[in-house]
Amino acid sequence: MTLTRRTLLGTLLATPALAQDGWPSRPIRLVVPFPPGGPTDIMGRLLAQALEVDLRVPVVVENRAGATGAIGSTAVMQSPPDGYTLVVGTLGSHALQPLIAKTPAYDPRRDFTPVALFATIANVLMVHPGVNVRSAAELVALLKAEPGKHNYGSAGIGSPIHLSAVLLEAVAGVQAQHIPYRGSAPAIQDLQGGRLTFMFDAVPSAMGAIQGNAVRALAVTTPNRIAALPDLPTMQEAGIRPYDAYTWNAIFAPPRTPEPLVARLNAAIGAITARPEFRARATALGADAATSTPEALRALVAAEMEKWRGIVETAGARES
């Protein structure tokens with residue numbers, strides 16, 4: 001999904017009218033539909049800083065959290081399609097939320113203009129250091145040996161890290177008690193305190209606890225190992241197959257945003273994510289820089305909704 005140099009150059013040359021038309025001439029609002037300090041906020045601010053330099057206007061990050069990203073995303077959907085209001089969409093906000101909500105606020109395949117993917121983010125399986133397991137396979141063995149005894153935390157019912165655990169239960173044939181929290185931070189605190197046996201979390205928000213040895217990381221959820229934790233095996237390497245669960249960050253604009261604006265933004269994001277310094281910073285934060293065409297991002301959203309539909313039903317995560 002990476003833009004080639006030829007494609008990037010062609011896109012830039014195809015949109016000179018934008019500069020003549022004066023876009024951008026004022027601050028751009030980048031809505032992060034989740035709380036400050038989480039992985040989406042971390043990566044959104046990293047991109048915003050780079051966009052400010054390239055577009056030469058302030059890019060103001062606004063956190064509008066709630067309803068698995070629906071509140072902030074809906075605000076952007078209802079904004080003028082003028083290139084000045086964008087949202088950082090994720091697996092949660094732009095694939096899972098419409099599957100979970102009793103009355104979805106939007107259909108992400110129809111109600112947003114996809115711009116570009118800019119990061120992929122693995123989840124990581126962790127246990128409290130006092131739990132006597134050293135691998136994902138050993139955790140599965142423990143859950144099978146002691147059914148109903150163990151619990152796990154998540155950022156809330158239907159969140160990506162909740163569904164990562166549901167996928168583990170389905171693939172490995174185990175069961176554990178789910179304890180939902182209002183965000184992953186309090187769940188990690190209880191994991192560190194020994195009140196939870198295990199949990200999944202996005203790598204960027206879990207890195208501090210992992211590096212501080214407050215938790216023991218067992219595996220990442222992507223098919224391949226990640227640059228941020230190169231020595232940590234994947235779930236599939238641990239024999240838990242098939243298993244593939246990751247989230248992503250992407251930029252979406254309101255519906256009916258003009259194609260020249262989308263092309264300009266896509267080219268700017270592609271140029272940023274191709275830079276070694278951005279890629280290194282993303283890796284340090286626990287993510288992998290990425291990019292895509294708008295069409296590829298639209299296809300990703302549709303594929304993710306289809307992939308997770310059954311898991312949402314299995315988890316009983318749909319609002320009644």
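Me: Val124 lies in strand 4; what makes Val124 count as buried?

Reply: In this predicted model, the relative accessible area of Val124 is 0%, and the cut-off for buried is under 20%, so Val124 is called buried. Leaving aside neighbours within four places in sequence, Val124 is in contact with a list of residues that includes Met199, Phe200, Val203, Ile210, Val220 and Leu232.

Me: How far apart are Val124 and Thr222 in sequence and in space?

Reply: Val124 and Thr222 are 98 residues apart in sequence, while their C-alpha atoms are 8.9 Å apart in space.

Me: Strand 4 also comes up in the packing of helix 8; why are the buried residues of helix 8 said to line one face?

Reply: The buried residues of helix 8, which spans residues 184–192, are Ser184, Ala187, Ile188, Asp190 and Leu191. Seen down the helix axis, these buried residues fall within an arc of 160°, and therefore they line one face of helix 8. They pack against strand 4, strand 5 (151–154), helix 7 (160–172), strand 7 (198–202) and helix 9 (203–211). Helix 8 is followed by Gly194, whose phi is positive, near 85°.

Me: Why is the contact of Asp190 with Arg195 called a salt bridge?

Reply: The closest N and O atoms of Asp190 and Arg195 are 2.9 Å apart, and the rule asks for a side-chain nitrogen of Lys or Arg within 4 Å of a carboxyl oxygen of Asp or Glu, so the pair qualifies as a salt bridge. Side chains of opposite charge can pair when their charged atoms come close. As for accessibility, Asp190 is buried, at 18%, whereas Arg195 is exposed, at 52%.

Me: How many salt bridges are there by this rule, and which residues are linked in a network of them?

Reply: The count comes to 11 salt bridges, and Arg29, Glu62 and Arg64 are linked in a network of such bridges.

Me: What makes Arg109 "partly exposed", when Asp107 is called buried?

Reply: Asp107 has a relative accessible area of 17%, which is under the 20% limit for buried. Arg109 stands at 37%, which is between the 20% and 50% limits, so the term for Arg109 is partly exposed. The side chains of Asp107 and Arg109 meet in a salt bridge, with N and O 3.0 Å apart.

Me: How do Asp111 and Arg110 come out, buried or exposed?

Reply: Asp111, at 14% relative accessibility, is buried, while Arg110, at 58%, is over the 50% limit and therefore exposed. The side chains of Asp111 and Arg110 meet in a salt bridge too, at 3.0 Å from N to O.

Me: Turning to the rings, how many aromatic pairs does the structure hold, and why is the pair of Tyr106 and Phe112 called edge-to-face?

Reply: The structure holds five aromatic pairs. In the pair of Tyr106 and Phe112, the ring centres are 5.1 Å apart and the planes stand at 90°; centres within 6.5 Å make a pair, and planes over 60 degrees apart make it edge-to-face, so both conditions are met. Both Tyr106 and Phe112 are buried.

Me: What makes Phe112 and Phe252 a pair as well?

Reply: Their centres are 6.3 Å apart and their planes 70° apart, so the 6.5 Å limit and the 60 degrees limit are again satisfied, and this pair is edge-to-face. The pair links distant parts of the chain, 140 residues apart, with Phe112 in the loop between helix 5 (91–100) and strand 4 (113–127) and Phe252 in strand 9 (residues 246–253). Phe112 and Phe252 are both buried, and together with Tyr106 they form one aromatic cluster.

Me: How do you know that Arg56 counts as exposed, and where is Arg56 found?

Reply: The relative accessibility of Arg56 is 77%, over the 50% limit, so Arg56 counts as exposed. Arg56 is found in the loop between helix 3 (39–55) and strand 2 (59–63), and its phi is near 65°, a positive value in a residue other than glycine.

Me: What is the phi of Arg256, and is Arg256 buried or exposed?

Reply: Phi of Arg256 is positive, near 70°, and Arg256 is exposed, at 70% relative accessibility. Arg256 lies in the loop between strand 9 and helix 10 (259–273).

Technical notes:
Residues numbered from 1 in each chain as written. Predicted model: local features only at pLDDT ≥ 70, side-chain atom pairs only at ≥ 80, totals over all residues. Heavy atoms only, no water. Buried < 20%, exposed > 50% of the residue type's maximum accessible area, 1.4 Å probe, protein only. Phe/Tyr/Trp six-rings, centres within 6.5 Å; stacked < 30°, edge-to-face > 60°. Helix = DSSP H or I, 4+ residues; strand = E, 2+ residues; numbered from the N terminus. Contact = heavy atoms within 4.5 Å. Arc of directions from axis to C-beta.
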